[in-house]
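This report is written for a reader who is meeting the structure for the first time, and it moves from the whole chain to its interior.

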Amino acid sequence: MPVDRKAIRRNLLNLMDCGYNIEYTETIRMIPNAKTGELEESYIWSDFYLEREFTDGELRLLIDGLLFSEYVPSNQRRELVKKLEGLSNEYFHSRVNHIVRLPMEDKEVNKQLFYNIELLDEAISKRRKVSFHYLEYGTDKNLHIKKQFDGTNRQYIISPYQMVAKEGKYYLICNYDKYNDISNYRIDRILNIHILDAPVKPFETLECGMGQPLNLATYMKEHPYMYSGKNVRVRFRINRPMISDIIDMFGSDVCFSDEDETGVTVSTVTNETAMEQFAKNFSPDVIILEPQRMRDKLRDDMRKSLKYYE
């Protein structure tokens with residue numbers, strides 16, 4: 001339909017009056033007065049555009065994080081990417097098309113992922129326990145429900161506290177009802193979830209809670225590998241080039257001491273199992289100094305491993 005410039009301007013102003021965040025360029029030009037002929041200032045509005053809630057860079061960051069997540073099935077990733085692209089202009093898709101075409105080969109995936117997230121979010125809000133089955137891989141490379149010793153499906157009853165993303169995976173921080181400590185379960189491995197009427201076990205009553213509610217920032221810093229188990233104060237020696245890796249892994253609250261040209265000593269509180277794994281992964285660049293029992297255990301484990309390679 002052919003329209004004149006005044007109609008377009010009027011409709012744009014109406015949209016702005018309705019709350020649409022439309023921006024424009026304002027310029028001044030001098031035009032002669034129709035009666036006197038004197039030059040007068042006239043304001044011209046041009047270059048109208050919609051100021052969107054997300055910038056292209058912000059959408060790109062969200063899309064990259066989604067594409068490289070390991071817990072979202074590829075078909076659902078593609079659907080979510082299209083929805084995110086719809087938040088920008090029509091030219092945005094062409095600039096991220098090379099990312100969308102990255103190969104996204106899936107292992108066997110749990111189709112209940114988003115349903116699990118919704119129910120867990122509801123259970124956490126209502127402070128209710130949930131029950132579920134848990135999946136694990138077999139040698140056939142397929143997921144199977146974890147079994148009891150008698151061959152029946154193992155039923156988990158837990159108190160959910162928080163959902164977190166870590167290293168491309170989505171975890172549920174919770175308490176397994178039979179014990180008084182914290183467990184971390186992969187949300188994409190949860191199946192047949194149900195919200196129960198029973199109230200959750202308060203986090204502050206747990207052994208690791210020590211009378212305090214869950215501090216998520218502290219918990220994540222102390223659990224770099226999302227292992228369950230107790231926390232310990234650890235002192236260990238590292239090579240100087242690893243200082244950045246230590247801060248990335250354990251946070252900026254670590255204490256450095258005894259620095260020399262080759263190394264530095266690190267002190268922090270962290271999950272015991274995670275620290276053992278970290279020391280093994282980066283041996284011999286990481287040497288445990290304290291506690292002694294952890295040092296002894298790592299020494300014995302490495303001696304056993306050495307025998308298999310001799």
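How far apart are the mean positions of the positive and negative charges of the chain? In this predicted model, the 44 positive charges and the 49 negative charges have mean positions that lie 5 Å apart.

The chain is built from nine helices and 12 strands. Its radius of gyration is 29 Å, well over the 19 Å that the globule rule gives for 310 residues, and the chain is therefore more spread out than a compact globule. Some further values for the whole chain are collected below.

| Property of the chain | Value |
|---|---|
| Box filled by the C-alpha atoms, along the principal axes | roughly 100 × 60 × 45 Å |
| Exposed area | about 20,100 Å² |
| Part of the exposed area supplied by carbon and sulfur atoms | 51% |
| Residues that count as buried, of 310 | 36% |

Among contacts between residues at least 6 apart in sequence, 59% join residues that are at least 24 apart.

Turning to the interior, the largest nonpolar core has 27 residues, and those with the most contacts inside it are L120, F132, I158, L172, Y185 and I187. Two or more residues of this core are given by each of the helices α2 (56-67), α3 (74-85) and α5 (113-126), and likewise by each of the strands β3 (128-137), β5 (156-166), β6 (169-176) and β8 (190-199). Of these elements, α5 provides the largest share, which amounts to five residues. Another core, of 20 residues, lies apart from the largest one, and M249, V254, V286 and L298 are among its members.

Key
Residues numbered from 1 in each chain as written. Predicted model: local features only at pLDDT ≥ 70, side-chain atom pairs only at ≥ 80, totals over all residues. Heavy atoms only, no water. Helix = DSSP H or I, 4+ residues; strand = E, 2+ residues; numbered from the N terminus. Rg over C-alpha atoms; globule rule 2.2 N^0.38 Å. Buried < 20%, exposed > 50% of the residue type's maximum accessible area, 1.4 Å probe, protein only. Contact = heavy atoms within 4.5 Å. Areas by Shrake-Rupley, 256 points an atom, 1.4 Å probe, with all protein chains shown as cover. Lys, Arg positive; Asp, Glu negative; His and termini not counted. Charge placed at Lys NZ, Arg CZ, Asp CG, Glu CD. Core = buried A, V, L, I, M, F, W, Y, C linked by side-chain atoms within 4.5 Å.
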